[in-house]
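Reader: Hi! I have just opened this one and would love a friendly tour. Could we start with a loop and work outwards?

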Amino acid sequence: MKIKSRIAGEPEEYLWSGLKNRMLQQFARVVPGARTVRVWLHRARGVRIGPNAWIGYDVVIETSCPYLVEIGEGTSISMRATLIAHFKESRGIKIGRNVFIGPGVILLPGITIGDGAVVTAGSVVTASVPAATMVRGNPAVPVAQCGVPLTDDVSYLQFAGRLKPIPPKEEPKA
């Protein structure tokens, strides 16, 4: 027999799984272990995370539907990034392999970030990002093509030296 909770008329099992999810999320935000404990806690919540991922301090990954988030192998998500994977009809976030998400980035629902892409600090991603593309701003727009992914074995000088700027689109004159 399922007992109804007093909160929003949901069955008690949903209440307990929701509380467990929120507790794991809170622990994952503050515990040490960007490659180990934080990744394990988010996997326990239902986030699909590939091997060798790195999750920084105070990252919020979809609080109520973590199973809508997929993070690829070798991806780094910097501190205080926020991944929002659902709102009305928009659902899911898919992050490819060897992606770098900068500090304070906000990813909105319904997007895909291609392999080797870079999202600079403080950007708000409202649309999908092609592979090997650097984006920045609010809303985030492409600013460069990445010659190599920004991974642990690539120095910043090597990465920066291989960037190819993308000229901004000209606004039509009224």
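Author: Happy to. Let's begin with Asn52, which sits in the loop between β1 and β2. Keep in mind that this is a predicted model.

Reader: What is the phi of Asn52 near?

Author: Phi of Asn52 is near 65°, which is a positive value in a residue other than glycine. Asn98 also has a positive phi, of about 55°, although Asn98 is not a glycine.

Reader: Where is Asn98 found?

Author: Look in the loop between β9 and β10. Asn98 has a relative accessible area of 24%, so it counts as partly exposed.

Reader: Okay, zooming out. How many helices and strands does the protein chain have?

Author: The protein chain has three helices and 17 strands. Of its 174 residues, 41% are buried. Along its principal axes, the C-alpha trace spans about 60 × 45 × 20 Å.

Reader: And what share of the contacts links residues 24 or more positions apart?

Author: Such pairs account for 19%, counting contacts in the protein chain with a separation of 6 or more.

Reader: Let's do sheets. What order do the strands have in the open sheet of four?

Author: The order is β1-β4-β9-β12, and the pairing is parallel. β1 (48-49) and β12 (111-113) are at the edges with a single partner strand each, so one side of each has no neighbour in the sheet.

Reader: How many bridges pair β1 with β4?

Author: Two bridges, in the parallel sense, with β4 covering residues 69-71. Arg48 stands opposite Glu70 in β4.

Reader: What about the open sheet of seven strands, which order does that have?

Author: That order is β2-β5-β10-β13-β15-β16-β17, and here the pairing is mixed. Its edge strands are β2 (54-55) and β17 (164-165), each pairing on one side only. Within the sheet, β10 (residues 100-101) and β13 (residues 118-119) run parallel and are joined by two bridges. Ile101 stands opposite Val119 in β13.

Reader: Now the inside. Which residues touch the most other members of the largest nonpolar core?

Author: Ile101, Leu107 and Ile113 do, out of 29 residues in that core. The elements giving two or more residues to this core are β4, β9 (93-95) and β12. There is another core apart from it, of nine residues, including Val118, Ala144, Cys146 and Val154.

Reader: Back to Leu107 for a second. What does Leu107 touch?

Author: Leaving out residues up to four places away in sequence, Leu107 touches Thr82, Leu83, Ile84, Ile93, Ile95, Ile101, Ile113 and Val125.

Reader: And Ile106, where is its place?

Author: Ile106 is in strand β11 (residues 106-107). With 31% relative accessibility, Ile106 counts as partly exposed. Again not counting residues up to four places away in sequence, Ile106 touches Thr82, Ile84, Ser123, Val124 and Val125.

Reader: How far is Ile106 from Asn138?

Author: Their C-alpha atoms are separated by 9.5 Å, and the two residues are 32 residues apart along the chain. Asn138 is worth a look for another reason: the peptide bond from Asn138 to Pro139 is cis, with omega near 0°. Pro139 is in the loop between β15 (133-136) and β16 (141-145).

Reader: Time for pockets! What volume does the largest pocket have?

Author: About 310 Å³. It is lined by 16 residues, and the closest to its centre are Tyr14, Ser17, Gly18, Asn21 and Arg22.

Reader: Which element gives the most to that lining?

Author: α1 does, with nine residues. Both α1 (12-30) and α2 (37-45) supply at least two residues each. By class, the lining has seven nonpolar, five polar and four charged residues.

Reader: And which residues line the second largest pocket?

Author: Val141, Pro142, Val143, Ile166, Pro167, Pro168 and Lys169. They divide into six nonpolar, no polar and one charged. The volume of this second largest pocket is about 170 Å³.

Reader: Last one: is Gly161 buried or exposed?

Author: Gly161 counts as exposed, because its relative accessibility is 63% and the cut-off for exposed is over 50%. Gly161 is in helix α3 (residues 156-161). From Gly161 to Arg38 it is 32 Å, C-alpha to C-alpha, and the two are 123 residues apart in sequence.

Terms used. Residues are numbered from 1 along each chain as its sequence is written. This is a predicted model: local features need pLDDT of at least 70, side-chain atom pairs count only at pLDDT 80 or more; totals for chains, interfaces and linings use all residues. Side-chain values use heavy atoms; hydrogens and water are left out. Two strands pair if DSSP finds at least two bridges between them. On a 1 Å grid over the protein atoms alone, a cavity is a set of points where a 1.4 Å probe fits but cannot get out, and a pocket is an open set with protein on both sides within 12 Å along at least five of seven lines; lining residues have an atom within 4 Å of a point. Grid points are joined across faces, edges and corners, and a volume is the space filled by probe spheres set on the points. Ala, Val, Leu, Ile, Met, Phe, Trp, Tyr, Cys and Pro count as nonpolar, Asp, Glu, Lys and Arg as charged, and the others, Gly among them, as polar. A nonpolar core is a set of buried Ala, Val, Leu, Ile, Met, Phe, Trp, Tyr and Cys residues joined through side-chain atoms within 4.5 Å. Buried means under 20% relative accessible area, exposed over 50%, partly exposed in between (1.4 Å probe, protein chains only). Contact means heavy atoms within 4.5 Å.
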